[in-house]
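Got your viewer open? Load the model and follow along, one selection at a time.

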Amino acid sequence: MSAANCLFCRIIRREIPSEVVYENEKVLGFRDIRPQAPVHALFIPKKHVAGVREIDGQSAPEFGDLVLAANESASKLGVSGKGYRLVVNQGADGGQTVDHLHVHLLGGRPMAWPTG
Ligand code: 5GP
Ligand code: ZN
C-alpha cells in the first residue's frame with residue numbers, strides 16, 4: 001500500500017473528510033467512522049507507516065507521539081478520569097483493516113476484557 005492510495009494518508013491530505021480531534025506537525029487524531037464506544041478516535045502518524053510491526057529503534061519515538069496525542073485527547077474528550085483503552089491491531093489476526101499505523105482511543109463506557 002503506497003501513501004498515494006492509503007485511506008488514512010488520504011484523510012491526512014483532506015481528500016476524505018473526517019472529524020479531527022487532534023493535530024500537530026506529526027500526528028492527526030480523528031473520530032472513528034464506526035465508533036465502538038461513546039469516545040472512539042484514531043491517532044495516526046502523518047508519515048506513512050504500515051503498522052506497529054514496522055516500528056524500530058529509530059521510529060519508536062513516533063509511536064510515543066501517538067500515545068501522547070491519545071492521552072491529551074482523552075482529557076479533552078472527557079474520558080481521562082474514569083479511564084480509557086488504547087488499542088493497536090497488527091495484521092489480519094490482530095484485526096488490522098487499514099494498513100497505516102493507528103492507535104485507537106476508546107472510552108466513555110466500561111470495557112472489560114474480553115467482551116468489550
Ligand atoms: P483497524 O481495524 O485497522 O484496527 O481499525 C481501522 C479503523 O478505521 C476501524 O475502526 C474503522 O471503523 C475505521 N475507519 C475505516 N474507514 C474509515 C474512514 O473512512 N473514516 C474514519 N474516520 N474511520 C474509518
Ligand atoms: Zn498511509
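Two strands count as paired here if DSSP finds at least two bridges between them. With that in hand, select Arg 31 and its bridge partner in strand 3, Ala 41. One thing to keep in mind as you click around: this is a predicted model.

**Stop 1: the strands**

Stay with that pair and widen the selection to strand 2 (27-31) and strand 3 (39-45). Strand 2 and strand 3 run antiparallel and are joined by five bridges. Now add strand 1, residues 20-23, which pairs with strand 2 in the antiparallel sense over three bridges. To see one of the contacts, pick Tyr 22, whose bridge partner in strand 2 is Gly 29. Strand 1 and strand 2 make a hairpin, with three residues between them.

Next, bring in strand 5 (103-107). Strand 3 and strand 5 are antiparallel too, with five bridges joining them. Click Phe 43 and you'll find Val 103 of strand 5 opposite.

Before leaving, colour strand 3 by accessibility. How many of the seven residues of strand 3 are buried? Seven of the seven, so strand 3 is largely enclosed by the rest of the structure. Both of its faces are covered: one side carries Val 39, Ala 41, Phe 43 and Pro 45, the other His 40, Leu 42 and Ile 44.

**Stop 2: the zinc site**

Select ligand 2, the zinc ion, and show Cys 6, Cys 9, His 48 and His 100 as sticks. The cysteines coordinate through SG and the histidines through ND1, at 2.1 to 2.3 Å. Which arrangement do the four donor atoms make? It is tetrahedral, because the donors subtend angles of 104 to 117° around the zinc ion, and four donors count as tetrahedral if all angles lie between 85 and 135 degrees. If you like to search by pattern, the donor spacing along the chain reads C-x2-C-x38-H-x51-H.

Zoom in on two of those donors. Cys 9 sits in helix 1, while His 100 is in the loop between helix 3 (91-94) and strand 5, so the pair ties together parts that are 91 residues apart in sequence. Are these two buried or exposed? Cys 9 is buried, at 4% relative accessible area, and His 100 is buried as well, at 0%.

**Stop 3: the pockets**

Switch on a pocket display. The largest pocket holds about 710 Å³ of space. It is lined by 31 residues, and those closest to its centre are Asp 32, Arg 34, His 40, Leu 42 and His 104. Helix 1 (7-12) and strands 2, 3, 4 and 5 each give two or more residues to the lining, with helix 1 providing the largest share, three residues. By class, the lining has 14 nonpolar, 11 polar and six charged residues.

Then select Val 79, Lys 82, Gly 83, Tyr 84, Arg 85, Gly 108, Arg 109, Pro 110 and Met 111, which line the second largest pocket. This one contains about 150 Å³, and its lining splits into four nonpolar, two polar and three charged residues.

**Last stop: Gly 78**

Finish by selecting Gly 78, in the loop between helix 2 (60-76) and strand 4 (84-87). Gly 78 counts as exposed because its relative accessible area is 63%, and the cut-off for exposed is over 50%. Draw a distance from its C-alpha to that of Val 39: the two atoms are separated by 8.9 Å, with the residues 39 apart along the chain.

Conventions: Residues are numbered from 1 along each chain as its sequence is written. Chains are lettered from A and ligands numbered from 1 in the order in which they are written. This is a predicted model: local features need pLDDT of at least 70, side-chain atom pairs count only at pLDDT 80 or more; totals for chains, interfaces and linings use all residues. Side-chain values use heavy atoms; hydrogens and water are left out. Helices (H or I, at least four residues) and strands (E, at least two) are DSSP runs, numbered from the N terminus. Buried means under 20% relative accessible area, exposed over 50%, partly exposed in between (1.4 Å probe, protein chains only). On a 1 Å grid over the protein atoms alone, a cavity is a set of points where a 1.4 Å probe fits but cannot get out, and a pocket is an open set with protein on both sides within 12 Å along at least five of seven lines; lining residues have an atom within 4 Å of a point. Grid points are joined across faces, edges and corners, and a volume is the space filled by probe spheres set on the points. Ala, Val, Leu, Ile, Met, Phe, Trp, Tyr, Cys and Pro count as nonpolar, Asp, Glu, Lys and Arg as charged, and the others, Gly among them, as polar. Donors are N, O and S atoms within 2.8 Å of the metal (3.2 Å for Na, K and Ca); water is not among the atoms, so sites may look incomplete. Four donors count as tetrahedral if all angles lie between 85 and 135 degrees; four count as square planar and six as octahedral if opposite donors are over 155 degrees apart and all others between 65 and 115; anything else is irregular.
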